Structure formats: C-alpha cells, structure tokens
Amino acid sequence: MWSKPTIGIPADHRLIDPHPFHAVGEKYIKAIVVAGGYPNLIPVLPDLNLNDVLERLDGLFLTGSPSNIEPHHYNGPASRDGTWHDPNRDALTLPLLQQVIDRGIPLLSVCRGFQEMNVALGGTLHQHVHEQPGYDDHREVKDQELEVQYGPAHSVQLVAGGLLAQLTGRQSLTVNSLHSQGIHELAPCLKAEAHATDGLVEAFVHTFAPGFTLGVQWHPEWKVEESKESLAIFNAFIDAATQYASRKRVIHGSNRPVVERQSN
C-alpha cells in the first residue's frame with residue numbers, strides 16, 4: 001500500500017499582459033506524475049510562511065526556468081542588460097533550500113534549480129559559460145524546434161560509485177544542454193556527481209544531508225517516460241519522498257488515504 005507523496009514545485013513569477021502569474025512548465029509537473037508523485041505548485045509570494053510550506057511537503061522539486069538568479073546572491077558581477085531575473089523566486093527558494101535539507105526532505109533540482117542549490121549553499125556561478133576559457137558552449141539553439149533544443153547534446157562522465165552511477169547503472173550519459181550559466185565554485189557541502197567533457201560540473205549531491213539530494217544541470221524531465229536513466233532519477237526521488245511521507249505519518253499520526261503504487 002502506498003500514498004502518493006506531495007512534491008512541492010516553486011513557481012516562476014511572470015507578468016502576462018500585464019497581470020502577475022505564478023507558473024510552472026508542464027514538463028516538470030508531468031515528470032512528477034509519471035514517477036508517481038502528487039505535484040503541489042508553490043506560489044512565490046513574499047508573505048508565504050515557509051514552515052507552513054515545509055509541513056505539507058514530502059519532497060521538493062526545483063525546476064529550470066528562462067530566468068537567472070540575481071548575481072548579488074553569490075557576490076557576482078552585475079548582469080548584462082536584458083537578463084531575465086525572478087527575484088520573487090529567489091526570495092522563496094534560496095532560504096527554503098537549507099531548511100529542506102536540514103529536515104531531510106528529499107530534494108531534486110534541475111537546471112536553474114541546480115544553480116539555486118549551489119548558490120543557496122555558498123557556491124558561485126559563471127554567468128556566461130561559453131565565454132570562459134576552456135569551456136564549451138552549453139546553450140541551446142533557440143530558433144530550432146523543441147525536439148532539437150532538448151535533443152542529445154553532449155556526454156557527461158559519472159563519478160564511479162556515486163549516486164547517479166548507482167541509479168542508472170552507467171559510467172556516462174548523453175544529456176541535453178540548454179544553459180548559459182554554470183557552476184564556477186561548487187558549494188563546500190556539495191560533491192560533484194558528473195562532469196561534462198570540458199570539466200564543467202553537471203551534477204552533484206549533498207555530502208551529509210539526512211535525505212535524498214540530487215542536482216543535475218540538464219533536463220531529465222523532458223519526455224522522462226522515454227528514457228530509463230531519466231526515469232530512474234525521478235523514481236528514486238519519488239521513492240525517497242514516499243519513505244519520508246511514511247515516517248511523517250508515523251510521527252504525526254496522519255490518516256492520509258493510501259493507494260497502491262502502479263508499476264511504470
């Protein structure tokens with residue numbers, strides 16, 4: 001018997017003609033559903049009580065986004081004109097991350113979320129990886145159709161014996177690549193799990209977090225059901241969230257409804 005774990009997904013804050021919206025890409029929501037979780041979108045409101053949010057979560061999924069983290073959060077140089085920022089999302093996710101880790105709530109972060117995790121824990125970013133000596137261009141070609149943008153782009157070498165190697169049973173993966181920013185200095189509490197061929201850190205785990213923590217720079221949510229490696233990542237995350245939810249029910253005596261998990 002199994003109760004679907006509630007997975008919090010912080011939204012992006014966007015202005016749409018000209019009203020403010022809190023939005024999450026469908027591909028991220030779908031990946032959680034495919035893996036067996038219940039997605040719960042978190043609005044990025046300034047007066048949101050973080051403790052209330054945390055009490056309701058069994059896992060946290062930090063997604064990608066067209067926006068970049070404001071560089072003052074990692075003492076970086078000012079962004080170039082035209083850079084898209086989302087200070088509302090920064091204000092929610094950066095303080096939320098450490099509390100999630102401290103509580104042992106399972107955490108999966110991709111792309112912007114991967115960068116958020118590094119910054120929140122004391123790391124820094126390159127704002128334009130392709131301009132750094134020795135690094136490749138990791139950006140997508142924006143005028144191409146989505147199938148091409150999210151198609152295989154380059155390989156990453158997995159750390160032997162690491163979490164990703166264990167989950168996928170692989171020594172390397174071919175991944176998509178849709179980012180201009182990347183890891184400069186890895187936060188002290190994080191450990192690299194994968195590197196691109198140019199040496200850029202493409203995945204990491206927390207070295208001593210009590211719960212599941214994994215960050216990847218690529219987009220495993222894209223057509224997750226068509227990749228056994230991507231599905232293995234999401235299944236492991238949802239399994240960890242399910243276990244967390246079970247422990248929470250024992251402690252708090254929750255009577256949440258229980259359903260049987262369907263095999264993928």
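Is Asp12 buried or exposed? In this predicted model, Asp12 is buried, because its relative accessible area is 4%, and the limit for a buried residue is under 20%.

## Salt bridges around Asp12

Asp12 takes part in a salt bridge with Arg14, in which the closest N and O atoms are 3.2 Å apart. Its partner has another degree of exposure: Arg14 is classed as partly exposed, with a relative accessibility of 25%.

This pair belongs to a network of salt bridges that links Asp12, Arg14, Arg89, Asp90, Arg112 and Glu116. Within the structure as a whole, the count of salt bridges comes to 13.

## Glu116 and Arg89

Two members of the network, Glu116 and Arg89, meet through their side chains in a salt bridge with an N to O distance of 2.9 Å. Glu116 is in helix H4 (residues 112-120) and Arg89 is in helix H3, so that the pair links distant parts of the chain, 27 residues apart. Both residues are buried.

## The packing of helices H3 and H4

The two helices that carry this pair pack against each other. The axes of H3 and H4 are 9 Å apart, and the angle between the helices is about 60°. H3 and H4 are therefore described as oblique to each other. Their crossing is right-handed.

Which residues of H3 meet H4? On the H3 side they are Arg89, Asp90, Thr93, Leu94 and Leu97. On the H4 side, the residues that they meet are Arg112, Gly113, Glu116, Met117, Val119 and Ala120. Arg89, Asp90, Arg112 and Glu116 were named above as members of the salt-bridge network.

## A link between helices H2 and H3

Glu55 and Arg103 form a further salt bridge, with 3.0 Å between the closest N and O atoms. Glu55 lies in helix H2 (residues 50-55) and Arg103 in helix H3 (residues 87-103), so this salt bridge ties together parts that are 48 residues apart in sequence.

Glu55 counts as partly exposed, because its relative accessibility is 44%. Arg103 also counts as partly exposed, with a relative accessibility of 32%. By contrast, Glu116 and Arg89 are both buried.

## Ser177 in a loop

Ser177 is placed in the loop between strand E9 (172-175) and strand E10 (182-183). How accessible is this loop residue, and what does the value of 5% mean for Ser177? Ser177 counts as buried, because its relative accessibility is 5% and the limit is under 20%.

The side chain of Ser177 reaches the backbone oxygen of His138 at a distance of 2.7 Å. His138 is also among the residues that Ser177 touches when those up to four places away in sequence are not counted; the others are Arg139, Glu140, Gln149, Ala153 and His154.

## Leu214 in strand E13

Leu214 is part of strand E13, which covers residues 213-216. Leu214 is buried, with a relative accessible area of 0%.

Which residues does Leu214 touch, leaving out those up to four places away in sequence? They are Leu107, Leu108, Ser109, Leu163, Leu164, Phe204, Val205 and Ile233. A separate distance relates Leu214 to Lys191: these residues are 23 residues apart along the chain, and their C-alpha atoms are separated by 10.0 Å.

Note on methods:
Residues numbered from 1 in each chain as written. Predicted model: local features only at pLDDT ≥ 70, side-chain atom pairs only at ≥ 80, totals over all residues. Heavy atoms only, no water. Salt bridge = Lys/Arg side-chain N within 4 Å of Asp/Glu carboxyl O. Buried < 20%, exposed > 50% of the residue type's maximum accessible area, 1.4 Å probe, protein only. Helix = DSSP H or I, 4+ residues; strand = E, 2+ residues; numbered from the N terminus. Polar contact = N/O pair within 3.5 Å; in protein donor to acceptor, adjacent residues only side chain to side chain. Contact = heavy atoms within 4.5 Å. Axes fitted to C-alpha atoms, helices over the stretch in contact; angles between N-to-C directions. Parallel < 35°, antiparallel > 145°, perpendicular 65-115°, else oblique. Left-handed = near helix turned anticlockwise from the far one by under 90°.
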